[in-house]
Protein chains: 2
Amino acid sequence: MEVGQVLHMNGGVGDSSYANNSLVQQKVITMTKPITEDAITKLYKSSCPVAIAIADLGCSSGPNTLFAVSELIKVVDSLRRKMKRKSPEYQVFLNDLPGNDFNTIFRSLSVFQTNLRNQLGTDSGPCFFTGVPGSFYGRLFRKNSLHFVHSSYSLQWLSQVPEGLENNKGNIYMASSSPPDVLRAYYKQFQQDFSLFLKCRSEELVDGGRMVLTVLGRRSDDPSSKEGCYIWELLAMALNDMVLEGMIEEEKLNTFNIPQYTPSQVEVKYEVLKEGSFSIDRLEVTEVNWNAYQNETDLSDAFKDGGYNVAKCMRAVVEPLIVSHFGEDIVDQVFQRYREIIADRMSKEKTEFVNVIVSLIKV
Amino acid sequence: MEVGQVLHMNGGVGDSSYANNSLVQQKVITMTKPITEDAITKLYKSSCPVAIAIADLGCSSGPNTLFAVSELIKVVDSLRRKMKRKSPEYQVFLNDLPGNDFNTIFRSLSVFQTNLRNQLGTDSGPCFFTGVPGSFYGRLFRKNSLHFVHSSYSLQWLSQVPEGLENNKGNIYMASSSPPDVLRAYYKQFQQDFSLFLKCRSEELVDGGRMVLTVLGRRSDDPSSKEGCYIWELLAMALNDMVLEGMIEEEKLNTFNIPQYTPSQVEVKYEVLKEGSFSIDRLEVTEVNWNAYQNETDLSDAFKDGGYNVAKCMRAVVEPLIVSHFGEDIVDQVFQRYREIIADRMSKEKTEFVNVIVSLIKV
């Protein structure tokens, strides 16, 4: 699988789109806001640049795409008012893989920019938005051209499915039944990728530039612990059921592995220190319920079904990978079964995603 | 009509797409190459920047989108080799209105970048491509952030349909039968738009930065002369025929006007001098046959029909405007008739587009 070509959230604004199924990711951005606000505040206060270039890496398309950066811009605008300084000009780079639906983002920009301008007031500097297609496991921007990098729920995606997963039969990700060499292969790929990510960003950021990265991760030291892996184990159950019923070939399932790694904060810290371009300002771990709608009131009946919500959220994320490997025909079946399995487990267990958040300064 | 929302070339890579029907535009870029080469050569020799930011305004999607900038990059690379200098990093901004098909551009970038890298060699600096959605009749980039601006066959498009065209009945653009106030309204809109364009770009370009602009225009002083207007008069004939046959309401036709202005070189020069931010290095006029395939050999039978070629080319350009105003249902009919009318005229007259090319330096 060519991850760079295949991996992208569901585009458009339809029922299965990421745009309409990304409330979990939005909650995570909101939870992380104190850390991103702190970071951009320190950045602005220390240098007061006349122009600020902000990149959102793995922006996808939908409300979240513009949510994070608009919050950052509002923080700067409020600061510069308190400090009685002229507004900087803002340059926003929205990055994702080339398969991302940039057209949908771009068509929503005009309304967004009008609203943002109304909120900021007319004496605020212009905000220029650009789309940057490409993998963040490579250079994306000119040297010393960025002030702030934000990335949320993107860096758990690897640049490729690790090599050497032949023994991971019946699983689609690390699992408690995965042999040790599978866990090692996944970890090695994470190390390579994350280290390369840090190196590329360090070239692109100005000295003193900052990054806040939120990664889907885990608290446990055990890479095959439930925290990071359970959501995929349940998908594997749905796929294995379909193998048993002859709807999917066993060989097809055995060669399918999710190009993801859910690191612990220790692993994140270790790579940052080893790579050496950044110092760590903050490193924290939080949790968010699988079902983003859990504490919402006034829900339509459909959204009261947690299994439905979570399966839809996961479908928006992983459908292109499934379709690319197994074909279009089985996809509705997969997610129908996945929904039922998830609903059953959610009724019996506490089900949460773990977020590892790190705030970094280029040294 | 909200031009900024409606105007865009046909997206995708299908039979009616701009990508597959833009050979005329490509020929114009090729014809203009000596002028763009001259301009980027002078720019590079005078300042040898370590990073070069190039913007293509109105890039559309298709082979032309990357053709012009890749030629510019090759010129710089060849120069810096002769001068034995280290390669600059290249930042390319591809701009068009938000309705443009950026997804298709972005998905083609990976192959394009690999080919470009193979042509340039491994010691060449990286090229970073970004998409910039928005109207060039407004600021698009940070202050002093661009070195070179290229735009071909885009600036004849106005920011809006001029006001005061109520008397232009039966016509869809300036025509010999248009009353004087219609010609004045079109000219006024051109003056406003072009002047604003120059002002915005002068803020964005570094001192000594350069622009090469190619505009669909005319040689004649008369704005309603055939050169710029004939292609639209023939489309108006097709639409008028359909009014007579009851397929289009007369009122609908009377309220349709193309948001375009085809200036003379004198008009271009006048606005540049009046605005004052740029000096003129070169100002030239060339022609290109309506039928881009005219002198091509080895054509399939379809492409031997000039009317077919020209109508397809025009359809790729103007279909979204037609559909937005008249609806989807009539569009095949319109272009079938247009094709026949064009074929008839091409058999009897010399039919050419006039290109006004201006090479500018920010003073």
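Start with strand 4 of chain A, residues 146-152, in this predicted model. Seven of its seven residues are buried, so the strand is largely enclosed by the rest of the structure.

Keep strand 4 of chain A displayed and add its partners. Strand 1 of chain A pairs with strand 4 in the parallel sense, over three bridges. To find a point where they meet, select Ala55(A): its bridge partner in strand 4 is Val149(A). Next, show strand 5 of chain A, residues 205-217, which also runs parallel to strand 4 and pairs with it over six bridges. Here, pick Leu146(A), whose bridge partner in strand 5 is Leu205(A).

Now bring chain B into view and select the contact between the chains. Chain A contributes 28 residues and chain B contributes 28 residues. Together the two chains bury about 2,400 Å², with 52% of that on carbon and sulfur atoms. On the chain A side, colour Phe106(A), Phe128(A) and Arg142(A): these supply 27% of the area that chain A buries against chain B, more than any other three residues.

For the polar part of the interface, the rule finds 16 residue pairs in polar contact, both residues at pLDDT 80 or more. Four elements of chain A, namely strand 1 (51-57), strand 2 (89-96), helix 4 (102-120) and strand 3 (127-133), each supply at least two residues of the side that touches chain B. By type, the residues on that side of chain A divide into 13 nonpolar, nine polar and six charged. There are also four salt bridges across the interface. To see one of them, select Arg139(B) and Glu89(A), whose side chains meet at 3.2 Å, N to O.

Stay at the interface and move to Val132(B), in strand 3 of chain B, residues 127-133. Is Val132(B) buried or exposed? Its relative accessibility is 1%, so Val132(B) counts as buried. Show what Val132(B) touches, leaving out residues up to four places away in sequence: from chain A, Phe129(A) and Thr130(A); from chain B, Phe93(B), Leu94(B), Asn95(B), Asp96(B), Phe102(B), Leu140(B) and Phe141(B). For a distance check, draw a line from Val132(B) to Tyr261(B): they are 129 residues apart in sequence and 24 Å apart in space, C-alpha to C-alpha.

Some of those contacts lead to strand 2 of chain B, residues 89-96. Eight of its eight residues are buried, so this strand is largely enclosed by the rest of the structure. Glu89(B), Gln91(B), Phe93(B) and Asn95(B) point one way, while Tyr90(B), Val92(B), Leu94(B) and Asp96(B) point the other way, and all are buried. Add strand 1 of chain B, residues 51-57, which pairs with strand 2 in the parallel sense over seven bridges. Within that pairing, Ala55(B) has Phe93(B) as its bridge partner.

Finish with two loop residues in chain B. Most residues other than glycine have a negative phi. Select Lys84(B), in the loop between helix 3 (63-82) and strand 2 of chain B. Its phi is near 55 degrees, a positive value in a residue other than glycine. Lys84(B) is exposed, with a relative accessible area of 75%. Then select Asn144(B), in the loop between strand 3 and strand 4 (146-152) of chain B. Phi of Asn144(B) is near 50 degrees, again positive in a residue other than glycine. At 48% relative accessibility, Asn144(B) counts as partly exposed.

Methods
Residues numbered from 1 in each chain as written. Chains lettered and ligands numbered in written order. Predicted model: local features only at pLDDT ≥ 70, side-chain atom pairs only at ≥ 80, totals over all residues. Heavy atoms only, no water. Contact = heavy atoms within 4.5 Å. Buried area = accessible area lost by both parts, 1.4 Å probe. Polar contact = N/O pair within 3.5 Å; in protein donor to acceptor, adjacent residues only side chain to side chain. Nonpolar A, V, L, I, M, F, W, Y, C, P; charged D, E, K, R; others polar. Buried < 20%, exposed > 50% of the residue type's maximum accessible area, 1.4 Å probe, protein only. Pairing = 2+ DSSP bridges.
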